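Subject: The structure I promised you

Hi,

Here is the structure we talked about. Have a look at it first, then read my notes below.

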Amino acid sequence: MQGQTTTTVEPPSAWDRAAGSPARADAAAGAATSRSDQESGLSVVAASRQAGPGAVAAGFGLIAAGAVAGWMIWRSGAAAAKIQPKDTTAVFLTLLVFAAAVERILEPFSRWLPGRAAEAALAQTVTDVNGRVDGPTEADRAAVTTATAAVAQAKANRTIVAWGLASGLATVASSAGGFYVLHAVAGSNWNGVAVWVDAIVTGVMVGSGTKPVHDLINRAQNGPPSA
């Protein structure tokens, strides 16, 4: 998905940003760019981005750290007894609650994830461009396009780092709390994989579900989007 599309700059979701006043700056940047598109013909050409090698390494490194911690908990005998839900519906609901809990725990720390500087730079660039009485120049268009590309890259990096962080934390919580999705589905007597391996599988599943769960919570809190 590397094709280019013309789009306005929109404020990121709560998962993509820190809570608090920076969100208003992002919203202002989105509104300003929209006005510029309509009034001055300014067009932001954004291409989808893939996470950089450093972000990918960081994401999988966080999962590896969680796997090591989970293995140490299992090895020490400190892990809780296996949780065995009654049926697959209960397993699904447990995964959902698990993912929601991890997402809520990580939400206050999202401000330290990558991307805040790029978003601030874009907001400032858009503000400067829209402040010109004679409309944007070609240099202004290039500056906005460059800043938009930097934000897209930062969001891609942030997504993979957040996924690794959520998966690593969920792996530790799975091992400590005794919830292992494969054993929960297959039955308490199933020993197809080691419990600590199941903790990693559970952690990755939960970590991969935190973003959709976050979006669902965010929509429930903010209500349906305005027409």
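Below is what I found, going from a helix pair to some aromatic rings and then to a loop residue. Keep in mind that this is a predicted model.

Let's start with the helices. Find α3, which covers residues 88-106, and α5, which covers residues 138-177. They pack against each other with their axes 10 Å apart, at an angle of about 120°. That angle is neither in the 65 to 115 range for roughly perpendicular nor over 145 for roughly antiparallel, so α3 and α5 count as oblique to each other. Their crossing is right-handed. Which residues make the contact? On the α3 side they are F98, V102, I105 and L106. On the α5 side you'll find L165, A166, L169, A170, A173 and S174. Sorted by class, the contact has nine nonpolar residues, one polar residue and no charged ones.

Next, the aromatic rings. The count comes to three aromatic pairs, and I'll take you through F60 with W163 and F98 with F179.

In the pair of F60 and W163, the ring centres are 5.3 Å apart and the planes are at 75°. Planes over 60 degrees apart count as edge-to-face, so that is the label for this pair. F60 sits in helix α2 (residues 53-76) and W163 in helix α5, so the pair links distant parts of the chain, 103 residues apart. Is F60 buried or exposed? It falls in between: its relative accessibility is 48%, so F60 counts as partly exposed.

Now for F98, which you already met in the contact of α3 with α5. Its ring pairs with that of F179, with the centres 6.2 Å apart and the planes at 70°, so this pair is edge-to-face too. F98 belongs to helix α3, while F179 is in the loop between α5 and α6, so the pair ties together parts that are 81 residues apart in sequence. Both F98 and F179 are buried.

Last, take a look at S188. You'll find S188 in the loop between α6 (181-186) and α7 (195-222). With a relative accessible area of 45%, S188 is partly exposed. What does S188 touch, leaving aside its neighbours within four places in sequence? The residues in contact with it are K82, Q84 and H183. P85 is also worth finding on screen: it is 103 residues from S188 along the chain, and their C-alpha atoms are separated by 9.7 Å.

Cheers

Conventions
Residues are numbered from 1 along each chain as its sequence is written. This is a predicted model: local features need pLDDT of at least 70, side-chain atom pairs count only at pLDDT 80 or more; totals for chains, interfaces and linings use all residues. Side-chain values use heavy atoms; hydrogens and water are left out. Axes are lines fitted to C-alpha atoms, for helices over the stretch in contact, and angles run from 0 to 180 degrees between N-to-C directions. Helices (H or I, at least four residues) and strands (E, at least two) are DSSP runs, numbered from the N terminus. Angles under 35 degrees count as roughly parallel, over 145 as roughly antiparallel, 65 to 115 as roughly perpendicular and the rest as oblique. A crossing is left-handed if the near helix is turned anticlockwise from the far one by less than a right angle, and right-handed if clockwise. Contact means heavy atoms within 4.5 Å. Ala, Val, Leu, Ile, Met, Phe, Trp, Tyr, Cys and Pro count as nonpolar, Asp, Glu, Lys and Arg as charged, and the others, Gly among them, as polar. Buried means under 20% relative accessible area, exposed over 50%, partly exposed in between (1.4 Å probe, protein chains only). Rings of Phe, Tyr and Trp (its six-membered ring) pair if their centres lie within 6.5 Å; planes under 30 degrees apart count as stacked, over 60 as edge-to-face and the rest as tilted.
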